[in-house]
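Here are a few short exercises to work through at your own pace. Keep the structure open beside you and try each task before reading its solution.

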Amino acid sequence: MKSEPQEQSWELVQEQIKFDKDGLVPAIVQDADSKNVLMMAYMNRESLKRSMETGETWFWSRSRGELWHKGGSSGHTQKIVSAHYDCDGDTLLFLVNPAGPACHTGETTCFYRGFASPALAAAEPGAGAASGRHRFSVLEELEQIIAEREKERPEGAYTTYLFDKGVDKILKKVGEETAETIIAAKNKDNAELRLEVSDLIYHLLVLLQERKLPLDDIMAELERRHERPRRD
């Protein structure tokens, strides 16, 4: 049996990290709560040092040739929960609590655009899900995260924006996502449909939270309907 991985001081770890010829290493940033991959950027020794000393992510901009503090100007900072490096020492992973969207477009994650192929469409549904997880576990987790966002109202977060604007804005988004779901279905574009249905479910969960209607009540109603005698 392999022992549990031991945490090491970052000063020692950085000597095991394989920076490339330009002194850089890719760093993946993941939401500590939702586990969504938020972004990928590059770090050098100095940005890694600042990240670990300040507890917030710093990167190296290859285009500008300078250090940049994520959220330094926008306020959308990323508080580091934990830091990891892979088996080859050539990639970093940071789990963070974001104070707002990761993407400069305003999207929560930089990976908000999907693409597909016939091979992906033919894959067994749910094949990518983590083994041992209930197939609807993500809904429970998302409901919890939305409830936390409503309570804490982190500045710059999209969910905070919806709650601040109130039920009319939330209903407007539910309507928009419903229309986009219909369009994707009419276009017979399953890749787009998957994205739109995901957006719709998210906004429905926000609506339920705003109305203080637990998802469990919805599931119980569906269960009651399922148990009713069928009328053929």
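The exercises below concern a predicted model and go from the whole chain to its nonpolar cores.

**Exercise 1.** Work out how many helices and strands the chain has, and in what order they run.

*Solution.* Start with the count: the chain holds 8 helices and 6 strands. Next, walk along from the N terminus, and the elements read α-β-β-α-β-β-β-β-α-α-α-α-α-α.

**Exercise 2.** Find what share of the residues is buried, and what share of the accessible surface belongs to carbon and sulfur atoms.

*Solution.* Begin with burial, taking buried as under 20% relative accessible area. Of the 232 residues in the chain, 31% are buried. Then turn to the surface: the accessible area is about 15900 Å², and carbon and sulfur atoms account for 52% of that.

**Exercise 3.** Take contacts between residues at least 6 apart in sequence, and find what share joins residues at least 24 apart.

*Solution.* With heavy atoms within 4.5 Å counted as a contact, the share is 49%.

**Exercise 4.** Locate the largest nonpolar core and say which strands feed it.

*Solution.* First, the core itself: it comprises 17 residues, and I17, M39, M43, L48, F59, L92 and F94 have the most contacts inside it. Second, the strands: at least two core residues come from each of strand 1 (25-31), strand 2 (37-43) and strand 6 (92-98). Strand 2 contributes the most, with 4 residues. Third, zoom in on I17: leaving aside residues up to four places away in sequence, I17 touches V25, L48, G89 and L92. Finally, look for a second, separate core; this one has 10 residues, among them L162, L205, L208 and L215.

Key. Residues numbered from 1 in each chain as written. Predicted model: local features only at pLDDT ≥ 70, side-chain atom pairs only at ≥ 80, totals over all residues. Heavy atoms only, no water. Core = buried A, V, L, I, M, F, W, Y, C linked by side-chain atoms within 4.5 Å. Buried < 20%, exposed > 50% of the residue type's maximum accessible area, 1.4 Å probe, protein only. Areas by Shrake-Rupley, 256 points an atom, 1.4 Å probe, with all protein chains shown as cover.
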